[in-house]
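Student: I would like to take a close look at a single part of this model rather than skim over the whole of it. Could you choose one residue, go through its surroundings with care, and then show me how it fits into the rest?

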Amino acid sequence: MRALRTVGAALTLCAAAWLTAAVPAAADGADSAADTKDGAPTEAGTNFRTATEIKPGQKATAAASTGDYLYWVFPAAAGQIPKVEAELKLPDAASRHGSATWQLDVYDGLRRHQPCASGTPARRAAQQDGSVTVSCTLRQVRSWSERWANDPLQGAYYVRLTVVDLPAEDLGLPIDAEVETSVPDAGGAHADGGDVTPLNPVLRSGTAPGTDAEPSGDTSSDSADDKDGGIPYAVAEPEDDWGSGWWSDRWVWTVIGAALAALAGVGGYTLTRGPRFPGRPPSDT
């Protein structure tokens, strides 16, 4: 029984340690989500090089014209599941001449189109609709992949929003776009080993927005700089690094499983050894 009480106390300590580690992490996540609401960008880029950087949890806005290509870029680390949702406020129905199809595309740092695991990346808006919402949830970001595979890898992810089918008379009508990204963690059960260099393209400093001109003598850039070489990248490195880190809930379940196995072993031994009787002195004959 003493062994059973010892194992029970160990399980209680493990549970307390788990809760102690989980609660601050959840609080930190809530605080970071609240902090990113401020300072959200109010414009979008027009191509991959001029894509506007947004942080997960931010709601970026942009005023544009129907027919424009709108680009944003955000970071995603290994073990996360990128999600993108965009809402478009359409012009008055009286000024439009028919329905239109709006499409949301997501590309990785190599500009490979990433298929959506769920969501509605394309939606047709009728002439009387005042808004339309499109969304895309990618597969889990991996920390490594085969060369021939199209798996999403850690690094920058580009969002492109545009209209793909509409009456020609509606080109140029004003629209308002809102885009929000999130990168929830898939959890330790889906963790994979390995590590690759993040797909985070280098930007050419001094390139004028909306153009492909060669950089001038000015090397300043508003993009994130590499902490080692001062190289401007498409997105800043996440606070928790590109990898999922060594800690995951898999460790918690491993410890709990080990404790339960020890408890089962002690219980089985106690049941099978039988009752203990005090030794009897040998009888005199």
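Tutor: What follows is a walk around one aspartate and its neighbours, and then a wider view of the chain.

Please keep in mind from the start that this is a predicted model. The residue I have chosen is Asp108, which lies in strand β5. Is Asp108 buried or exposed? Its relative accessibility is 0%, and because buried means under 20%, Asp108 counts as buried.

Which atoms does the side chain of Asp108 reach? One partner belongs to the backbone, for the side chain of Asp108 reaches the backbone nitrogen of Leu110 at 3.0 Å. Another belongs to a side chain, since a polar contact of 3.2 Å joins the side chains of Asp108 and Gln114. If we leave aside the neighbours within four places in sequence, Asp108 is in contact with Gln114, Ala156, Tyr157, Tyr158 and Leu199.

The last name in that list deserves a visit of its own. Leu199 sits in the loop between β9, which covers residues 174–182, and β10, which covers residues 224–225. Leu199 also counts as buried, because its relative accessibility of 15% falls under the 20% limit. Once residues up to four places away in sequence are set aside, Leu199 touches Asp108, Gly109, Leu110 and Arg112, and it also touches Leu153, Gln154, Gly155 and Ala156. Ala156 is therefore a shared neighbour, being in contact with Asp108 and with Leu199 as well. Along the sequence Leu199 and Ala156 are 43 residues apart, yet from C-alpha to C-alpha they are 6.0 Å apart in space.

Contacts across long stretches of sequence are a feature of the whole chain. Among the contacts in the protein chain with a separation of 6 or more, 73% are between residues 24 or more positions apart.

Let us return to β5 and follow the chain onward to a disulfide. By the rule used here, the count comes to one disulfide. Cys116 and Cys136 form it, with their sulfur atoms 2.0 Å apart. Cys116 is in the loop between β5 (100–108) and β6 (122–125), whereas Cys136 is in strand β7 (residues 131–137), so that the pair, 20 residues apart, links distant parts of the chain. The torsion about the S-S bond of Cys116 and Cys136 is about -110 degrees, and therefore the disulfide is left-handed. How do the two cysteines stand with respect to the surface? Cys116 is partly exposed, with a relative accessible area of 29%, while Cys136 is buried, with a relative accessible area of 1%.

Strand β5 also leads us to an empty space. The structure holds one cavity of 30 Å³ or more, and the largest cavity has a volume of about 100 Å³. Of the 14 residues that line the largest cavity, the closest to its centre are Thr66, Arg96, Ala100, Trp102 and Asp170. The residues of this lining divide into nine nonpolar, three polar and two charged.

Finally, we can step back to the whole chain. There are two helices and eleven strands in the protein chain, and read along the sequence they follow the pattern α-β-β-β-β-β-β-β-β-β-β-β-α. Of the 285 residues of the protein chain, 32% count as buried, and Asp108, with its relative accessibility of 0%, is one that counts as buried.

Technical notes. Residues are numbered from 1 along each chain as its sequence is written. This is a predicted model: local features need pLDDT of at least 70, side-chain atom pairs count only at pLDDT 80 or more; totals for chains, interfaces and linings use all residues. Side-chain values use heavy atoms; hydrogens and water are left out. A disulfide is a pair of cysteine sulfur atoms within 2.5 Å. Helices (H or I, at least four residues) and strands (E, at least two) are DSSP runs, numbered from the N terminus. Buried means under 20% relative accessible area, exposed over 50%, partly exposed in between (1.4 Å probe, protein chains only). On a 1 Å grid over the protein atoms alone, a cavity is a set of points where a 1.4 Å probe fits but cannot get out, and a pocket is an open set with protein on both sides within 12 Å along at least five of seven lines; lining residues have an atom within 4 Å of a point. Grid points are joined across faces, edges and corners, and a volume is the space filled by probe spheres set on the points. Ala, Val, Leu, Ile, Met, Phe, Trp, Tyr, Cys and Pro count as nonpolar, Asp, Glu, Lys and Arg as charged, and the others, Gly among them, as polar. A polar contact is a pair of N or O atoms within 3.5 Å; within protein, one must be able to donate a hydrogen and the other to accept it, and residues adjacent in sequence count only if both atoms are side-chain atoms. Contact means heavy atoms within 4.5 Å.
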